[in-house]
Amino acid sequence: MKGKTFIIAGPSGVGKGTIIQALFAQQKNLYFSVSATTRAPRPGEVDGVHYHFLTREQFLRWIEEDAFLEHAEYIGNFYGTPKRYVDEAMDRGEDVILDIEVQGAEQVYQKRPDTIRIFIAPPSWQELERRLTSRGTETPEKVRSRLARAREEFSYAEGYNYVVINNTVEEAVREIQAIICAEHCRPAQRIALINGM
Ligand code: 5GP
């Protein structure tokens with residue numbers, strides 16, 4: 001059967017990256033979509049593994065070539081999901097995980113309404129601020145922009161299929177695994193399986 005696409009959205013600093021890493025350590029048959037971005041790599045980030053790091057010109061060329069499933073600007077940088085790898089993984093029967101912000105999530109949903117949207121929320125705003133500050137990779141001004149943006153993003157949560165609160169990574173991963181499992185039990189997919197389609 002063709003794989004499904006799961007969007008994992010939610011504010012910067014909420015712990016999406018850590019949750020996704022833990023999910024991949026436990027769950028087989030998943031494909032992580034490596035995004036393209038014009039932001040500079042953080043220490044330890046590897047080109048082609050964490051992101052495809054592109055110049056603005058390269059990014060604009062990818063847009064022209066229609067290489068993105070979605071793309072958005074986020075606090076002064078471009079981010080986008082390369083379409084081809086997502087489609088190839090789904091054709092292989094793998095479930096695809098997209099770690100993207102809400103504008104991009106909206107575009108994917110418009111184009112592909114069968115995409116499952118999971119919003120990761122912090123246990124509290126104080127905790128989100130603490131996490132963003134303790135990461136130490138952003139200037140205080142950038143932390144403020146990301147917090148303001150987080151409140152904006154939170155207003156989208158209601159329209160999502162699921163909201164997972166990141167109390168602990170283990171709990172969040174367990175809930176996401178349950179969501180993936182439940183989505184594969186939907187009648188359309190199961191009945192097609194039984195009928196051998
Ligand atoms: P960061 O700079 O912290 O790695 O990412 C900033 C935000 O951009 C995060 O919310 C992340 O989920 C989002 N993001 C990462 N890749 C993509 C992408 O391909 N498309 C969109 N729309 N957002 C992305």
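These are my notebook entries on the ligand site and on residue Q58 in a predicted model.

**Entry 1, the shell.** I began with the residues around the ligand. There are 16 of them, and R39, Y51, Y79, D99 and E101 come nearest. I then sorted the shell by class and got seven charged, five nonpolar and four polar residues.

**Entry 2, polar contacts.** I looked up what the oxygen and nitrogen atoms of the ligand face. An N or O atom in the side chain of D99 is 2.6 Å from a ligand oxygen. For E101, an N or O atom of the side chain is 2.7 Å from a ligand nitrogen. At G80 the partner is a polar backbone atom, 3.0 Å from an oxygen of the ligand.

**Entry 3, cover.** I checked how much of the ligand the protein covers. Taken alone, the ligand exposes 510 Å², and the protein buries 95% of that.

**Entry 4, the pocket.** Which pocket does the ligand take up? I noted that the space taken by the ligand is the largest pocket. I also looked for the elements that give two or more residues to the shell, and they are β5 (68–74) and β6 (77–82).

**Entry 5, Q58.** I turned next to Q58, which is found in helix α2, residues 56–64. Is Q58 buried or exposed? Its relative accessible area is 31%. I therefore entered Q58 as partly exposed, since that class lies between under 20% for buried and over 50% for exposed.

**Entry 6, Q58 against D99.** Last, I compared the positions of Q58 and D99. C-alpha to C-alpha, Q58 and D99 are 21 Å apart in space, and in sequence they are 41 residues apart.

Terms used:
Residues are numbered from 1 along each chain as its sequence is written. This is a predicted model: local features need pLDDT of at least 70, side-chain atom pairs count only at pLDDT 80 or more; totals for chains, interfaces and linings use all residues. Side-chain values use heavy atoms; hydrogens and water are left out. A residue is near a molecule or strand if one of its heavy atoms lies within 4 Å of it. A polar contact is a pair of N or O atoms within 3.5 Å; within protein, one must be able to donate a hydrogen and the other to accept it, and residues adjacent in sequence count only if both atoms are side-chain atoms. Accessible areas come from the Shrake-Rupley method with a 1.4 Å probe; for residues, only the protein chains shown count as cover. On a 1 Å grid over the protein atoms alone, a cavity is a set of points where a 1.4 Å probe fits but cannot get out, and a pocket is an open set with protein on both sides within 12 Å along at least five of seven lines; lining residues have an atom within 4 Å of a point. A molecule sits in a cavity or pocket if more than half of its atoms lie within 2 Å of its grid points. Ala, Val, Leu, Ile, Met, Phe, Trp, Tyr, Cys and Pro count as nonpolar, Asp, Glu, Lys and Arg as charged, and the others, Gly among them, as polar. Buried means under 20% relative accessible area, exposed over 50%, partly exposed in between (1.4 Å probe, protein chains only).
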